[in-house]
Amino acid sequence: MNDNATAAAAAPLEKARAALDRWAWSEALDLARSVDPGAGLAETDRLDVVAEAAWWLGRLDDCIEAREQAYALYEAAGEMVRAGQCAVWLYEHHQMKARAAIGGAWLRRARRALEDNAESVEFGALLLREAEAAHGSGDLARAAELAGDALALGRKTASADLEAEALQTMGRVLIDGGRPADGLGHLDEAMLSAVEGRLRPYTTGKVYCSLISACEALGDVRRAAEWTEATLRWSEHHPLAMWPGICRVHRATVLQLRGDWEA
């Protein structure tokens, strides 16, 4: 791509990134797709916007396609930290599509890409997905160890998102390990960062959803009701995203438990 073409592509991409910051997912996706594909790392900026916007719009197949293309370009350029982050996302995306084998392969690829950058936030994201995998397999001790490592890394790197996700993961592991009070305490702390507006939209949605799910499972209606009001306020700002539908289901469950049938 020559200099003129690069400059021409930059303007709509800047607008697309600004649309992402406003949570205007459809606008961001349209703008990113209006740019002709570039070459090498120049193309990764466009693909990252496409993937992010497509995820929030529930277009997982489009998101996965963009992430896979971005991963290949990052790997070819030797940008292994960014390649590793793409691999972490692809693990999660395929898990959401119930493709456990493919997701597991991406998680192993992420480990190889990030193992030489163990002090990075991206490595912390890998640790959390490995913790979730261990939790799902019933290995609570390993899950707690990995989540603890991620929590320490989040605090060391001053990453509010990594810290909150680690608290969320640790909380769920503690609950399943027979320590519900400690587990809910970790989830409350993660939620506090969400309410303060310190977290990215994805982390916010994940923490909200996880805590309210835990409250429902434990029958803690008071705590669920307290945090659900914050969940509702957050979801109203994301009318076209994936999380709000789930948030509204949780809210309806809490209202049902309280006997507020009309609401």
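# A tour of an all-helix model

Start by selecting Arg155, which is partly exposed, with a relative accessible area of 44%. The model on screen is a predicted one. Now add Glu189, also partly exposed, at a relative accessible area of 38%. The side chains of Arg155 and Glu189 form a salt bridge, at 3.5 Å from N to O. Arg155 belongs to helix H8 (residues 140–156) and Glu189 to helix H10 (residues 180–195), so this pair ties together parts that are 34 residues apart in sequence. Next, select Glu92, Arg129, Glu132, Glu165 and Lys206 as a group: salt bridges with shared partners join these residues into one network. The search of the whole structure finds 23 salt bridges, and further examples come later in the tour.

**The whole chain**

Clear the selection and switch to a cartoon view. The protein has 13 helices and zero strands. Following the sequence from one end to the other, the pattern is α-α-α-α-α-α-α-α-α-α-α-α-α.

Colour by accessibility next. The protein has 263 residues, and 48% of them count as buried. With the surface displayed, the exposed area is about 12400 Å², of which carbon and sulfur atoms supply 51%. If you draw contacts between residues at least 6 apart in sequence, 56% of them join residues at least 24 apart.

**The largest pocket**

Which residues lie nearest the centre of the largest pocket? Select Glu52, Arg67, Gln85, Trp89 and Arg200; these are the ones, out of 32 lining residues. Two or more lining residues come from each of helix H1 (3–21), helix H3 (41–56), helix H4 (60–76), helix H5 (80–96), helix H7 (121–137), helix H9 (160–176) and helix H11 (201–218). Highlight H5 in particular: with seven residues, H5 gives the most to this lining.

The space in the largest pocket comes to about 850 Å³. Colour the lining by residue class and you should count 16 nonpolar, three polar and 13 charged residues.

Stay here and show the side chains of Arg67 and Glu52, which meet in a salt bridge with an N to O distance of 3.6 Å. Arg67 sits in helix H4 and Glu52 in helix H3, so the pair ties together parts that are 15 residues apart in sequence. Are these two buried or exposed? Arg67 is buried, at a relative accessible area of 3%, whereas Glu52 counts as partly exposed, at 25%. The cut-off for buried is under 20%, so Arg67 falls below it at 3%.

**The second largest pocket**

Move to Glu132, Gln168, Arg172, Lys206 and Ser210. These lie nearest the centre of the second largest pocket, which is lined by 11 residues. The elements that give two or more residues to this lining are H7, H9 and H11. Those three helices are also named among the contributors to the lining of the largest pocket.

About 270 Å³ of space lies in the second largest pocket. By class, its lining has two nonpolar, five polar and four charged residues. Two of the residues nearest its centre, Glu132 and Lys206, belong to the salt-bridge network already selected.

**H2, H3 and H4**

Now select Arg33 and Asp62. They form a salt bridge in which the closest N and O atoms are 3.2 Å apart. Arg33 lies in helix H2 (residues 25–33) and Asp62 in helix H4, so the pair ties together parts that are 29 residues apart in sequence. Both partners are partly exposed: Arg33 at 42% relative accessibility, Asp62 at a relative accessible area of 26%.

From Arg33, step across to Arg46, a contact partner. Arg46 is in helix H3 and counts as buried, at 10% relative accessibility. What is Arg46 in contact with, leaving aside its neighbours within four places in sequence? Select Leu13, Ala32, Arg33, Val35, Asp36 and Pro37 to see the answer.

As a last stop, draw a distance between the C-alpha atoms of Arg46 and Ala66. These two residues are 20 apart along the chain, and the distance should read 9.0 Å.

Terms used. Residues numbered from 1 in each chain as written. Predicted model: local features only at pLDDT ≥ 70, side-chain atom pairs only at ≥ 80, totals over all residues. Heavy atoms only, no water. Helix = DSSP H or I, 4+ residues; strand = E, 2+ residues; numbered from the N terminus. Buried < 20%, exposed > 50% of the residue type's maximum accessible area, 1.4 Å probe, protein only. Contact = heavy atoms within 4.5 Å. Areas by Shrake-Rupley, 256 points an atom, 1.4 Å probe, with all protein chains shown as cover. 1 Å grid on protein atoms, 1.4 Å probe; cavity = no way out; pocket = protein on both sides within 12 Å on 5 of 7 lines; lining within 4 Å. Points joined across faces, edges and corners; volume = space filled by probe spheres on them. Nonpolar A, V, L, I, M, F, W, Y, C, P; charged D, E, K, R; others polar. Salt bridge = Lys/Arg side-chain N within 4 Å of Asp/Glu carboxyl O.
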